[in-house]
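Dear colleague,

I am handing over the structure below, and after it you will find an account of what came out of the analysis. Please read it alongside the coordinates.

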Amino acid sequence: MQQTASTRRRERYRLIVVVVAGLYAWSVSVLPLLDDLSTWPALCGLGAALALSVSPFVPNRRLSLYGALHIFLAGCLLCWWGARERATLNPWSAYAALGWIAYTLALGSLTTPERGEQGSQLRPQMFRPRVQPSKAAALCIGSGLLATIALNIYSFQVSRPELLMLAHLAALATGLIVLKQTVLLAEYFQQKAQFGPYGSGVWWLFIALLLLVSGGLVSGWATAIG
Amino acid sequence: MERFILISAIASLVLCTGAAFWSIRLWTEGQDLRGLYFFAVSLVAGALANQLLKAREIG
């Protein structure tokens, strides 16, 4: 009984990824269509988001999957059908395509058993890490993530349609580069924490990492105000 | 040497992020070519950071 509850809890955690990806796809492809909330397409769109959001909390596994997949997709499709006469802006369409790909991948990953679920019934506390996670690594990944999100938000400032798509693509490309490099740096910091003590020079790297955030955010947002 | 490579890589990342912000800023002002130039700078700086971190791994 305890194992069943533990398995269900793990399934709920795994469903959270699907909910996040699905809500992102919904927010860029359905939310722009919800102007008048009294119409039936808007209600279908809202119902889809509601079914997806509550799906991890449904006690029955089958019903939660129905909410995260069938009801969610049906609601979105009905909303699009009802609002088919309306044109959608270019960047939203591109982001929506990416969002739905992310949702599909997250949903597909549910069929793959987690590493802990394969093989023996070892208890989770046996897999406790021997080395504590490095704070510098977390700071590094957090800075990269923050800069990437800020860049994507800032790309919405471009108003001309012929450059709007290019600005979003530029933000996406730069964001991917920054994320990859910050992950490599974080890996270095974690290894440093694992195999050797910090030297005094690491503080230089901390300062430089702070520059990564300040250089991006300050030069972008502060100049936008001025 | 390793520290130098790391600091250079982080500086390249700062340049990459800053140039990307600046290119979008220029596009909002209507300076398309200068925006493209800064976007190219951003990509080159990102590629440089990548190569520097790879060099650190090999070294």
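I begin with a single position: Ser109(A) is partly exposed, since 13 other C-beta atoms lie within 10 Å, a count that falls between the 12 or fewer of an exposed residue and the 20 or more of a buried one. Ser109(A) sits in the loop between helix H4 (90–108) and H5 of chain A, and although 92 residues separate Ser109(A) from Val17(A) in sequence, the two C-alpha atoms are 9.5 Å apart in space. Please keep in mind throughout that this is a predicted model.

On confidence, the predictor gives the complex an ipTM of 0.90 and a pTM of 0.61. Chain A has a mean pLDDT of 79, with 73% of its residues at 70 or more, while for chain B the mean is 86 and 95% of the residues reach 70 or more. Within chain A, confidence is lowest in helix H7 (residues 202–225), where the mean is 61, and highest in helix H2 (residues 40–54), at 92. Where pLDDT is low, the predicted coordinates should not be read in detail.

As for the overall make-up, chain A contains 7 helices and 0 strands, and along the sequence it reads α-α-α-α-α-α-α. Of its 226 residues, 27% are buried, and among the contacts in chain A with a separation of 6 or more, 78% are between residues 24 or more positions apart. Chain B, for its part, has 2 helices and 0 strands; buried residues account for 44% of its 59 residues, and 60% of its contacts between residues at least 6 apart in sequence join residues at least 24 apart.

Which elements give two or more residues to the largest nonpolar core? That core has 27 residues, and those with the most contacts inside it are Ala9(B), Leu13(B), Cys16(B), Ala20(B), Ile24(B) and Ala49(B). The contributing elements come from both chains, namely helix H5 (135–154) and helix H6 (161–195) of chain A, together with helix H1 (2–29) and helix H2 (32–58) of chain B. H1(B) gives the most to this core, with 12 residues. Cys16(B) shows how the two chains meet here: leaving aside residues up to four places away in sequence, Cys16(B) touches Thr174(A), Ile177(A) and Val178(A) as well as Ser42(B), Ala45(B), Gly46(B) and Ala49(B). There is also a second, separate core of 20 residues, which includes Ala21(A), Val28(A), Val30(A) and Leu33(A).

Turning to individual helices, H1(B) has 28 residues and reaches 41 Å from its first C-alpha to its last, close to the 40 Å expected at 1.5 Å a residue; Gly30(B), which follows H1(B), has a positive phi near 90 degrees.

H5(A) has 20 residues, which at 1.5 Å a residue should span 28 Å, and its end C-alpha atoms are indeed 28 Å apart. Its buried residues are Ala136(A), Ala137(A), Cys140(A), Ser143(A), Gly144(A), Ala147(A), Thr148(A), Leu151(A) and Tyr154(A). Seen down the axis of H5(A), these buried residues fall within an arc of 140 degrees, so they line one face of the helix. An α-helix has 3.6 residues a turn, so residues three or four places apart point the same way. The face of H5(A) turned away from the buried side carries the exposed residues Lys135(A), Ile149(A) and Ile153(A).

Helix H3 of chain A (residues 61–82) has 22 residues and an expected span of 32 Å, with which the 31 Å between its end C-alpha atoms agrees. H3(A) nevertheless bends by about 35 degrees at Gly67(A), and Gly67(A) is itself among the buried residues of H3(A), along with Ser64(A), Ala68(A), Phe72(A), Gly75(A), Cys76(A) and Cys79(A).

Finally, I looked at Ala42(A), which lies in helix H2 of chain A. Is Ala42(A) buried or partly exposed? With 18 other C-beta atoms within 10 Å, Ala42(A) is partly exposed. Not counting residues up to four places away in sequence, Ala42(A) touches Leu34(A), Asp36(A) and Leu37(A), and Ala42(A) is 9.4 Å from Trp80(A), C-alpha to C-alpha, across 38 residues of sequence.

With best regards

Note on methods
Residues numbered from 1 in each chain as written. Chains lettered and ligands numbered in written order. Predicted model: local features only at pLDDT ≥ 70, side-chain atom pairs only at ≥ 80, totals over all residues. Core = buried A, V, L, I, M, F, W, Y, C linked by C-beta atoms within 7 Å. Helix = DSSP H or I, 4+ residues; strand = E, 2+ residues; numbered from the N terminus. Contact = placed C-beta atoms within 7 Å. Expected span 1.5 Å × (residues − 1). Bend = angle between axes of the 7 residues up to and from the residue. pLDDT = per-residue confidence, 0-100. Arc of directions from axis to C-beta.
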